[in-house]
Amino acid sequence: MFGDDIVMLSRMQFGLTALYHFLFVPLTLGMTFILGIMESVYVMTGREVYKDMTKFWGKLFGINFAMGVTTGITLEFQFGTNWAYYSHYVGDIFGPLLASEGWMAFFLESTFVGLFFFGWDKLSKVQHLTVTWLLAVGTSLSALWILIANGWMQHPVGSEFNYETLRMEMTSFADVFFNPVAQVKFVHTVAAGYVTGSMFVLGISSWYLLNNRDIGFARRSFSIASAFGLASILSVIVLGDESGYTSGETQKIKLAAIEAEWDTHPAPASFTLFGFPNQETQTTEYAIKIPYALGLVATRSLDEPVMGLKDLHAGSVERIKGGMLAYAELQKLRGGDRSEATKQAFASHKDDLGYGLLLKKYTPNVVDADAAMIEKAANDTIPRVAPLFWTFRVMVASGFTMLFIFAMAFYYCATRVADQKRWLMRMAVWGIPLPWIAAETGWFVAEVGRQPWTISGILPTHLSVSSVSSEQLWISIGGFALFYTVLLIIEMYLMLKYVRLGPSSLHTGRYCLEQSAH
Amino acid sequence: MFDYESMRLIWWLLIGVVAIAFALTEGFDFGVSTLLPFVGRTDVERRVIINTVGATWEGNQVWLVLLGGAIFAIWPSVYATLFSGLYLAMMLVLFALFFRPAGFDYRSKVNDPRWRNAWDWGLFIGGTLPPILLGVLAGNLVLGLPFHFDQDLRSFYDGSFWALLSPFALLCGVVTLLGTSFHGALFLKWRTDGAVHQRASAAIAVLGPMLLLGLIAVTAWVVLGIDRPEISQMLGHDAPSNPLNKTVTAVGAGWLAHFLSHPLMLIAPALGFVGLSLAWLLGKGRAMAAAFIFSCLGIAGMLFTLGFGLFPFLLISSTSPNSSLTLWDATSSHSTLLLAFWITVIFLPIVLLYTRWVYKILWGTISEKSIIKDTHSLY
């Protein structure tokens, strides 16, 4: 229906602006909690250094938070500007989730962030601490709502198609809220945010320690980051969201693609550690496999098989045929035939309607598709395996590297010898990019792995776009590229400036640069 | 009162409330940013101005984000049609808003006059372009937008960006900017002393009459020169949302006749003009709290005038009148309206309560002395 260029450009713009937004989100998630912990210690012990820690790391948080706000508005607008048919089709379910995020999360974090920065002299200690925690709760609640929305896109539950309004409508808010995919995703993602904050504080504190600056300040920051980071990375890994990949066809296809599982093997499936997936021959060359591991990770059992891509492809063919029947009945309903027989025939096939819509790419009438078109549409349901296979492994490798760093840091903090382990501190400094690499590759797997759908099994991506022109898209992409590049340079400049200044930027007179300069 | 028809009406009202909250709160933030380079001459003066809104503007901007989210949730097809149809205009609003978080937060972090001056102009753009474009949008809501739906309810926009900038719409853009600047000047005068206070006072004296004249011009233009469509046939007010199930005639009895058919609606424009006039008269003197409250009432009156005038339309289509969206055929399902209603009933008062508390804590006159004293911790 729409040129492939419109679909590709819309996807590119959404992907880039969302990934860019997610450079700032996880740090906000993690830093607010770390600030809450630091300030709690200050309120409990009354030691000024913890107040300075809250204020200094708060400054870095503030530089990052401004970018999170800037890039977040883009996403709130972009469903409407670039995904208008999607907005019409699922606004009934997706819209209230975004609006709830506004009421419960955005107001909380945005109202209290000002008080966090400017309320130090106007609030009692406990009041200010409460403000900081409300800020932290607000940011994590924001993640909750948007991940329920995203979880619904991955595994749409609690909703059905209404032929009178030609869109999906919510049937059970409880099902949408307690969607298992959403819940797993939420824990996985916020914990990844906490890891990001911890790695940031751990790495920068290590840099101060390596340079023999502000030792007391840096050492305390280092230990808080190591403890919080270890707890968080364990949550990320243990509650890794692969366990969410067993519900729903699309999630199963994603899992099979991540693991390059071409064939269904008898349970328990083995895990392909490395190899070179080949889409043409549908094999994985030079595969190194760990027996039992995939079955355990994916199904939490030893007797359930993990479906392979070839079998999943055959399933798609069947559902596309069902979708053609659903579409034919829908046309009758829209033509005015509201007989009970037609309604029942539609109801019995309507779960496959989305698969029928896949055919719109090849024939606008859907019902006249031939075998070759069905085969093409079924092929569309299988994503490119190699990019998912590799990005997933980059994410996991980053995660385990961080687990090592946090475990060592925590152990040496507990045994009070962390200061002497310069190799570990160097590793922590160089490890600062790891959480971002993991988060960005993680989103790549989640979203590219869902293709060709925006709403799994319900609405194909190529139908979701707005009726805009490629010129309009190029103008907006150009604008984003320009603004986002300039803003990133400015943000990095300020971040590095304040990291170099360290706690001396607070002008308390207690830290190293002030003592030599003044 | 929880039937589909009532919920549709209640939500029309609630979205109006969110739009008014946005206009009243971010309105003065925008206005303060527009006035920033002119009312503040030295760096300290400009910091006084920025710090009157610096700690609270982020919470205010959430009303805009929520307005977008609420329209998405309650009127999905309005959200889809408006945002994709006005694609480039929306992108311009967005790009202009980019200047605000960085402008407020980054400006004082480097002590170089060129850096700070550049951000001042960034804040000016971020506070000036959005009200102009939102005013242009309001003007086009009255004129009708060129869009239609196909049989799958996919919306197509039949116009261009430049066509939005008709003389009437541009007038609406200018008047909206005058409104935010006036509202911002009142706030600024209220919260400051010294030179900034004096100049804000001078701005109020000039902006007040300009705003009132502009509003009179807009009103006259609408009454005398713009057609108003009318619904000639539609399904019941509780029918499933499908905008194609009605017929609309492009030229009806007109805007004035629409108001006169339910004369109580005239309270809204009356409130608008009286409120803003009193705000101007009081704003020249010392009763700043009263002046600001009258300005709020006046702006609310003007937004209600727009809403009442369009009622029951949300988006009028100028090229395919039957595709026009109304509050009876563009809403989400009954259960979603109920869900969103209960969430709003619970959270709106909570948000208002803690916002009030935060303003109470941070309230006080911002002076040049206070900026110099807390030079490292303030914006």
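Helices and strands here are DSSP runs, a helix having at least four residues and a strand at least two, and they are numbered from the N terminus. With that in hand, we can place A:Pro452: this residue lies in the loop between helix H17 (434-448) and strand E5 (453-455) of chain A. Keep in mind throughout that we are looking at a predicted model.

Let's stay with A:Pro452 for a moment. The peptide bond that leads from A:Gln451 to A:Pro452 is cis, with omega near 10°. Chain B offers a cis bond too: B:Phe311 and B:Pro312 are joined by one, and omega there is about 0°. You will find B:Pro312 in the loop between helix H11 (288-310) and strand E5 (313-315) of chain B. Why point these bonds out? Most peptide bonds are trans, and most residues other than glycine have a negative phi.

That remark about phi takes us to two more loop residues in chain A. A:Asn212 is not a glycine, yet its phi is positive, near 55°. A:Asn212 sits in the loop between H7 and H8 of chain A. A:Ala260 also has a positive phi without being glycine, with a value near 50°. Its loop runs between helix H9 (249-258) and strand E3 (271-278) of chain A. Are these residues buried or exposed? A residue is buried if 20 or more other C-beta atoms lie within 10 Å of its own, and exposed if 12 or fewer do. A:Asn212 has 9 other C-beta atoms within 10 Å, so A:Asn212 is exposed. A:Ala260 has 25 C-beta neighbours inside 10 Å and therefore counts as buried.

Now look at the two helices on either side of A:Asn212. Helix H7 (residues 180-210) and helix H8 (residues 215-238) of chain A have axes that come within 7 Å and cross at roughly 155°. Angles over 145 degrees count as roughly antiparallel, so H7(A) and H8(A) are roughly antiparallel to each other. Their contact is made up of 17 nonpolar residues, nine polar and one charged. The crossing of this pair is left-handed.

H8(A) has another partner to visit. Helix H3 (residues 48-82) of chain A packs against H8(A) at an angle of about 70°, and the axes are 10 Å apart. At that angle, H3(A) and H8(A) are therefore roughly perpendicular to each other. On the H3(A) side the contact is made by A:Val49, A:Asp52 and A:Met53, while H8(A) brings A:Gly216, A:Phe217, A:Arg220 and A:Ser221. Sorted by class, this contact has three nonpolar, two polar and two charged residues.

H7(A) comes up again when we turn to helix H16 (residues 422-430) of chain A. Which residues of H16(A) are buried? They are A:Leu424, A:Met425 and A:Ala428. These residues cover an arc of only 100° around the axis, so they are on the same side of H16(A). Turn to the other side of H16(A) and you meet A:Arg422, A:Trp423 and A:Trp430, which are exposed. The cover over the buried residues of H16(A) includes H7 and helix H15 (385-414) of chain A.

A:Val468 can lead us from chain A towards chain B. This residue lies in the loop between helix H18 (461-464) and helix H19 (470-501) of chain A. Since A:Val468 has 21 C-beta neighbours inside 10 Å, A:Val468 counts as buried. Leaving aside residues up to four places away in sequence, A:Val468 touches A:Ile6, A:Leu473, B:Ser84 and B:Tyr87.

The contact between the chains takes 58 residues from chain A and 59 residues from chain B. On the side of chain B that touches chain A, the elements giving two or more residues are helix H3 (57-74), helix H4 (76-85), helix H5 (87-106), strand E2 (155-157) and helix H12 (334-362) of chain B. H12(B) gives the largest share of that side, 13 residues. By class, that side of chain B divides into 36 nonpolar, 18 polar and five charged residues.

Finally, H3(B) and H12(B) also pack against each other, at an angle of about 175° and with their axes 12 Å apart. H3(B) and H12(B) are therefore roughly antiparallel to each other. Here B:Gly59, B:Ala73 and B:Ile74 in H3(B) meet B:Thr336, B:Leu337, B:Ala340 and B:Thr355 in H12(B). This contact has four nonpolar residues, three polar and no charged ones.

Terms used: Residues are numbered from 1 along each chain as its sequence is written. Chains are lettered from A and ligands numbered from 1 in the order in which they are written. This is a predicted model: local features need pLDDT of at least 70, side-chain atom pairs count only at pLDDT 80 or more; totals for chains, interfaces and linings use all residues. Axes are lines fitted to C-alpha atoms, for helices over the stretch in contact, and angles run from 0 to 180 degrees between N-to-C directions. Angles under 35 degrees count as roughly parallel, over 145 as roughly antiparallel, 65 to 115 as roughly perpendicular and the rest as oblique. A crossing is left-handed if the near helix is turned anticlockwise from the far one by less than a right angle, and right-handed if clockwise. Ala, Val, Leu, Ile, Met, Phe, Trp, Tyr, Cys and Pro count as nonpolar, Asp, Glu, Lys and Arg as charged, and the others, Gly among them, as polar. The arc is that of the directions from the helix axis to the C-beta atoms. Two residues are in contact if their C-beta atoms, placed from the backbone, lie within 7 Å.
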